[in-house]
Amino acid sequence: MNQDEFAKPDSEFRSIPFLGHVDEMQPAEVARQIAEIARRGFGGLVLIPFGGLESPPYLSSQWMDHVAFCVEEAKRHGLSVVLYDEDLYTSGYARGRVAGMNPEYRNKALVCREDRQYEPRKENIRVFLADKEDGSISNPEPLTIDPAPELVPDKVFLHFYEWTQPVGYQKHRWRWHGWTPYDGFEQVDLLNPEVVRAFIKTTHEAYAARVGQEFGKTILGIFTDEPQLSGDAPFSVPWTPGFPAYFADKTGYDILDCLPSLFYDVGEFRRVRYDFWSAVSDLFVESYSRQIGDWCAEHGLAATGHYWVEELLLFQARRGGAMMSHYEHQQIPAIDHLGQNIEHYGIKVKQVDSVACQLGKKRVLSETYACSSNNISFETRKWMLDWQFALGVNLLNPSFATYSLRGYRKRNWSPILSWQQPWWPHNSLIEDYIARLGYALTQGKRVTEILVIHPIASVWAELRPMGTWVAGRFDGPLSALSTGLLERHRDYHFGDEKIMARHARVEGATLQVGRASYNVVIVPPAITLSTETVELLERFAASGGCIIAIEPVPTLIDARPADKVLPASTIVIPDDMTLLERRLDDAVPPDVIMDAPNVLCHHRSTDSRDIYFLANTDDQNGWQGTVKLRTTGRLEEWDLHTGNVRPLPARKSGDYLEIELSFPPVGSHLLVIDREKAPAKPSGRPPEAVVREVRLGDTWAIRRLCENTLVLDYAKASGDGEHWSSPTPLGSIYESYRAGGIGAPLRLRYRFHVDGKPEGSVHLAVEMPERHRILVNGQETTCTDIGCWMDISFKRIDISKLVQDGENIVELQTVFQHDTEIEACYILGDFAVRVLPPEPTCELPGYREVSRFHAQAPDLRITREDKTARSGDLIGQGYPFFAGTIALSQEVDIPPNAQGRAFLELDGLTATVANVRINGTDAGPIAFHPHEIEITDQLTEGVNLIEVQLVNTLRNVIGPLHHKDGDLYFLLEIGDAFAGEANWSDAYQWVPLGLGGARIVWRV
């Protein structure tokens, strides 16, 4: 740990966001945006073609020229580049090119079709005849009668056939609110090594030919996105034509003779399923991950990216066999974390962290924030990344920065994390924090003493296409175990049995897996272990190692009956965390002791120092108390926000250092202990206390730093200009026209009401105005180039002379085509937007609430602004759609001879950033709890002007504005969030913007 490097970390520790190529990419604009990414604290970018890319065509020579241009621009600004290996996930199909090479490359599955009648078809691999009673299948026998009878009394035919994904496969329907993965192209057979070689040739080698000179220099690696073994065919398991031979070579028997056991509880089904899924997992790794990892290593690149659904054992088994073995072949192993949440059990992070620590991989990447709210704040971003970094991530891939917000692109897997956001100039506040944390958590090696045997093999033994709850029963106990260990600050790693078979050994009383060593092994609830694991545990126990097994304990080896599985010295306990904690205390003393289950700990050790990252994962409550660290030496706090370092006094208590720490909501501490130096002595001074307080009033002068906005998101539609619909949500209009209106004339009328014409200019913002004839109150307007608003796609039109008191109508006329997008219009200017009724249902919303107004578009009225505002939510005070910076100010009289340090404290802050100015001088930003800032140097005796500039997000402009549940924290189903009828609410759902109150305090 070097203080200078920590204060100003290298760009390699900074986030590398997706830069979404989603429109007609113009070089000058691309260059500007790459410069902005560098300017605002990011360290690189992932060049991702995403929903809406129109030009250059993906993988064309023009695309390769465009990528080369982006690489050169990134290089010019000191940014690293990660290439993306697909055009819309899931990786492997190269936007249809791979399947286009050979129809046999299309994705495969083995399907079981049960029928009373025999179905002769060439795709049949095997047919069995079985009994069926009370819905249960029994006694399946291969069909040997030739020709087969059409019907057999009291019997059913089990047809096993190879399913091939049909041409033009489209998983999701294209709609107003989003795009479809695969874009109508077929997925491919990733269990076939030849298919993966074709994918590499089509994609990776094409990049090597065009930009290979920057491999290992500007270009850091290649990102793969959610490769998977598809489960889309009904009642199926993964398959490839070469699998029977591969399986026979692995196991010594023919899987075709045992197919019923994969689908029904017949025969030795656990043995067959275990062998099947184990082989599927191995083949997927060998075919896909190993080939790509080897290719990247040969070309000086890091293979990175994440697989499909790493979270639950059941999901990862069905889609990939197992996750952890794939990470062995990634130079930067990775996961994704979707939604605005933290999963307290943390299994997916601990899986990848375990492999990285065991096999010496310095970096662990996480694609983060996709599917989160458009209102995500810096503090919420910190909350989510702190949780992940405490568990093992140290490189962030934010999702995403987008080139354009035109049309449905603004609804592409929110949130928007780029230059369009009002908070963008402040982005370094969070990125500097991330860079320092990433630097610290790549130093030395992680300290963990507990190894948990990963129970994926037990899932394999039970897994069948129907009735998956049986296989899924292992997820709950494992999640509870993970949560319990982390809440008790007992860090752990997983032991993947396949990785252990290659890399584990016993040294003395420790079990080594690669570079990591463990003193205790926990066997979670399971039914089987592998032969190699059983032999390893026997050697570990014989050397004095501690093994704790939680009931129910395994009774099978390789899913076959066994007389003995666990060593005789194994401590067997019921599934009880309190009892497990006692057994762990007997075996190895805790590394960290504190009565704070929501505070996670990440401990690293270098030659001379211990590094502890402590993160409060509670976003509502703080914690204060004693923390005990099992180390000794001089303790310092390395401030992740400022880069400053200060000594902290600590008490020596046996083998521990004791320190008093305070955590606000989402608070964190980075503690560094130099073991070669003596602890700092306590100063003897009491902690600071408040000695004076001046509370500010609830009336503020208000001043916008940008225009106010009225969003027009309802319209009347007509084809002939005579017959008009009622005011209708735009998504519904789009769906009706797309269903039968291609080539039809389309007229849209957006209405708004003015009570007092605004002073100054009034602008109309429209997307792609050149494709419409635009009338305002019956008068045609021309779109002259007077600039953009919010995004390059939103063109301004000056309508100042056309706006009138009373009702106003904006009419767009066009012809509906396949690429027509029906979007909101925006009125911009110096005005307030009043809502009828004027009061929200909750007057001062909390952190995660919304301001619900039972109003439709006609109830929104443009009025003249008040010069003052009240403390509280500004939504109902004229700013429901406001996106930007708005300043609240008031004068306060400071008494003479005030002693101590002065702080401004803010209550009820609902903004991403609050920038504080005192007497016209910047005091600094507030973005994290505690919402306070020191203003000692800016205050003077007498009258002082206090100004708080509130910076919010685009959420109240681009939505979703009409979901019945308010603001959403998991936007997986984009359509349902923005336009789905099942969740639609006519009432607007705005997130709050405001300040509950403020005070100045002096502390001594």
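Two strands count as paired if DSSP finds at least two bridges between them. Strands themselves (E, at least two residues) are DSSP runs, as are helices (H or I, at least four residues), and both are numbered from the N terminus. Keep that in your head, and here's a first example: Leu 19 has Leu 47 in E2 as its bridge partner.

Okay, before going on, a word on what we're looking at. This is a predicted model, where local features need pLDDT of at least 70, side-chain atom pairs count only at pLDDT 80 or more, and totals for chains, interfaces and linings use all residues. Residues are numbered from 1 along each chain as its sequence is written, and side-chain values use heavy atoms, with hydrogens and water left out.

So, the big picture. The protein chain has 22 helices and 62 strands. Its C-alpha atoms fill a box of roughly 90 × 85 × 60 Å along the principal axes. Why does 31 Å fit as a radius of gyration? Because a compact globule of 1004 residues would come out near 30 Å, and that agrees with the 31 Å of the protein chain. The radius is taken over C-alpha atoms, and the globule rule is 2.2 Å times the number of residues to the power 0.38.

Next, burial. Buried means under 20% relative accessible area, exposed means over 50%, and partly exposed is in between, using a 1.4 Å probe and protein chains only. By that count, 63% of the 1004 residues are buried. Contacts, meaning heavy atoms within 4.5 Å, tell us about the fold too: among those between residues at least 6 apart in sequence, 81% join residues at least 24 apart.

Back to our strands. E1 (residues 18-21) and E2 (residues 44-49) run parallel, joined by four bridges. They sit in an open sheet of six strands, with parallel pairing and the order E10-E8-E3-E2-E1-E14. Which strands are at the edges? E10 (302-306) and E14 (401-402), each pairing on one side only. And how do strands hold on to each other in general? They pair through backbone hydrogen bonds, either parallel or antiparallel.

For the antiparallel kind, go to E37 (residues 699-704). One face is covered, with Trp 700, Ile 702 and Arg 704, while Thr 699, Ala 701 and Arg 703 make up the uncovered one. E37 has three bridges to E52 (residues 868-870), running antiparallel, and there Trp 700 is opposite Ala 869. E37 also pairs with E54 (residues 885-894), again in the antiparallel sense, over four bridges. In that pairing, Ile 702 faces Leu 888.

Now a helix. Six of the eight residues of H9 (residues 313-320) are buried, so H9 is largely enclosed by the rest of the structure. The buried ones are Leu 313, Leu 314, Gln 316, Ala 317, Arg 319 and Gly 320. What covers them? The cover includes helices H8 (269-298), H11 (347-358) and H16 (475-487). Right after H9 comes Gly 321, with a positive phi near 85 degrees.

Last stop: Pro 415, in the loop between E14 and helix H13 (428-440). Is Pro 415 buried or exposed? Buried, because its relative accessibility is 1%. Leaving out residues up to four places away in sequence, Pro 415 touches several others, among them Tyr 369, Cys 371, Asn 374 and Phe 400. Ser 399 is on that list as well, and its C-alpha atom is 7.4 Å from that of Pro 415, though the two are 16 residues apart along the chain.
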